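Please open the structure in your viewer and keep the sequence panel beside it. The tour below goes from one selection to the next and says what is found at each stop.

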Amino acid sequence: MSVPSTLSAAPATSTPPFLPFTRPTIDDETIAGVAEVLRSGWITSGPQVKAFEARLSEHCAGRPVRAFNSGTCTMEIALRLAGVGPGHEVITTPLTWVATSNVVLDVGARPVFVDIDPVTRNLDLDRVAAAITPATRAIIPVDLAGLPVDRDRLYALAHRHQLRVIEDAAQAFGSTWQGKRIGSFGDFVSFSFHANKNITTIEGGCLVLNDEREARLAEQYRLQGVVKSGQDGMEVELVGGKFNLTDVAARVGLGQLPHLAEFTAKRRDLARAYFAQFAALGADRTGLRLPVADFVQSNWHMFQVVLPEARLTLRRAEVMERLHAAGIGTGVHYPAVHLFKLYRRLGWKDGDFPHAELAGRNIVTLPLFPAMTTADVARVAGALMEILLAHSKS
Ligand SMILES: Cc1ncc(COP(=O)(O)O)c(C=O)c1O
């Protein structure tokens, strides 16, 4: 069959495939391992979870670690272990996934938001002391996009005021502080292994604890408060939930961990490429705000820019729509939590935390995942700059 001349004469252009803002990388060995678990006859919590916890503990300098079916429940359990409940206050950031403050409400306590530092986009530690009252029991800092909160200042503050810390390090697996891995020191540390995280179990999370007593209690909270003994003994002394990780999920996590260093290095290289592209394209002239250029401590969970609201004729949704039309996926992480209806009903309002609100309205997560190339980065930066330059107020 002859080729129609119109086709043979067509220019050799091809549309690049759609680039999502993130995508997990799961190797064939892990997929085969999951199949083995599925055939093994034991698919819920069992030997894979135990092995996963042992590896996680190694990652965290030998501290006790327990795995769960989400990061969210690990924070709720940590709050319970810290004795936080009705009448207590917990200080946290309004620029986070709503899970961070929802868990405070879940245990009957009140979140106390403190504005972010607009440069790091993390809790502004300079403002925390002023928010402490006699009812304050804990601080939940969040390492947004994997950029660590200053642990030295955080723990100095916590010790001075005798507060517990529940590190919401959901996004910071693989990040470090002063050469030490996040999770290897400190008080409670919570990680998420949700599908978008740097290391995934599809859904899941883990909690780093201080000692075996806390670890045993965490196990009780994880599964209906049950304690088994001997062949047939069972006792329940507290109200636990249904938070156990399955062996299938744990096997995914076990297959991910050996790639952590390589994934983190790749993410750092891609982040560097974003900075180089934006510098070359003159992003500073548009007022686009880039993240902190930390190539040592951050795991680059996300590459987030803040659009120059005052200088743009487009709203964020329109910028995202145009990027989508150019085959580029983006995300919003996150709208300011205190402006959700639930939180407005509890008394918060517009203007309470101006830095978090500005970021919440204008932050955009650009594509960043280990399987991306620097050519993808150039395409994203180029497309965004083209939109910004074409729609800047003169
Ligand atoms: C900052 C932050 N906190 C908490 C969570 C909750 O983790 P999970 O989705 O595993 O419950 C996430 C996950 O998206 C997160 O990004």
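Which residues line the largest cavity? Before selecting them, bear in mind that this is a predicted model. The lining of the largest cavity is made up of V119, T120, R121, L144, A145, L147, P291, V292, S298, W300, M302 and Q304, and with these selected you surround a space of about 120 Å³. Sorted by class, this lining has eight nonpolar, three polar and one charged residues.

Stay with one of these lining residues, A145, and show its backbone. A145 is found in the loop between β4 (136-140) and α7 (151-160), and its phi is near 65 degrees, a positive value in a residue other than glycine. Is A145 buried or exposed? Its relative accessibility is 11%, and A145 therefore counts as buried, since buried means under 20% relative accessible area.

Next, select the lining of the second largest cavity, which consists of T22, R23, P24, T25, A195, N196, K197, N198, Q256, F263, R267 and P370. The volume of the second largest cavity is about 60 Å³, and its lining divides into four nonpolar, five polar and three charged residues. The count of cavities of 30 Å³ or more comes to two.

From here, keep K197 selected, a residue of the second largest cavity's lining, and turn to the second largest pocket, where K197 is listed with W97, S192, H194 and Y334 as lying nearest the centre. About 420 Å³ of space lies in this pocket, and 29 residues line it. Among the elements of the chain, α4 (71-81), α5 (99-106) and β13 (363-366) each supply at least two residues of the lining, and α4 gives the most, with three residues. By class, the lining of the second largest pocket divides into eleven nonpolar, 14 polar and four charged residues.

While Y334 is in view, look at the peptide bond that leads into it from H333, which is cis, with omega near 15 degrees. Y334 has its place in the loop between α11 (316-325) and α12 (341-345).

Now move to the largest pocket, in which about 560 Å³ of space lies. Of the 15 residues that line the largest pocket, E219, R222, L223, V226 and K228 lie nearest its centre, and the elements that give two or more residues to its lining are α3, α8 and β10 (226-229). The most comes from α8, with four residues. The lining of the largest pocket has five nonpolar, four polar and six charged residues.

Select helix α3 by itself, residues 47-59. How far apart are the end C-alpha atoms of α3? They are 19 Å apart, which agrees with the 18 Å that its 13 residues should span at 1.5 Å a residue. Colour V49, F52, E53, L56, S57 and H59, which are the buried residues to pick out in α3. Seen down the axis of α3, the buried residues fall within an arc of 150 degrees, so they line one face of the helix. An α-helix has 3.6 residues a turn, so residues three or four places apart point the same way. On the other side of α3, P47, K50 and E58 are exposed.

To see what covers the buried residues of α3, add its surroundings, which include β1 (65-68), β7 (180-181), β9 (205-208), α8 (212-222), α9 (247-256) and α10 (260-280). Following α3 comes A61, whose phi is positive, near 55 degrees. Another positive phi can be viewed at I202, a residue other than glycine with a value near 80 degrees, and I202 lies in the loop between β8 (188-192) and β9.

For the last stop, select E89, which is found in strand β2 (residues 89-92). E89 has a relative accessible area of 19% and is buried, the cut-off being under 20%. Which residues is E89 in contact with, leaving aside its neighbours within four places in sequence? They are R110, V112, T133, A135, T136, R137 and A138. Finally, draw a distance from E89 to D124: the two are 35 residues apart in sequence and 18 Å apart in space, C-alpha to C-alpha.

Terms used: Residues are numbered from 1 along each chain as its sequence is written. This is a predicted model: local features need pLDDT of at least 70, side-chain atom pairs count only at pLDDT 80 or more; totals for chains, interfaces and linings use all residues. Side-chain values use heavy atoms; hydrogens and water are left out. The expected span of a helix is 1.5 Å times one less than its number of residues. Buried means under 20% relative accessible area, exposed over 50%, partly exposed in between (1.4 Å probe, protein chains only). The arc is that of the directions from the helix axis to the C-beta atoms. Contact means heavy atoms within 4.5 Å. On a 1 Å grid over the protein atoms alone, a cavity is a set of points where a 1.4 Å probe fits but cannot get out, and a pocket is an open set with protein on both sides within 12 Å along at least five of seven lines; lining residues have an atom within 4 Å of a point. Grid points are joined across faces, edges and corners, and a volume is the space filled by probe spheres set on the points. Ala, Val, Leu, Ile, Met, Phe, Trp, Tyr, Cys and Pro count as nonpolar, Asp, Glu, Lys and Arg as charged, and the others, Gly among them, as polar.
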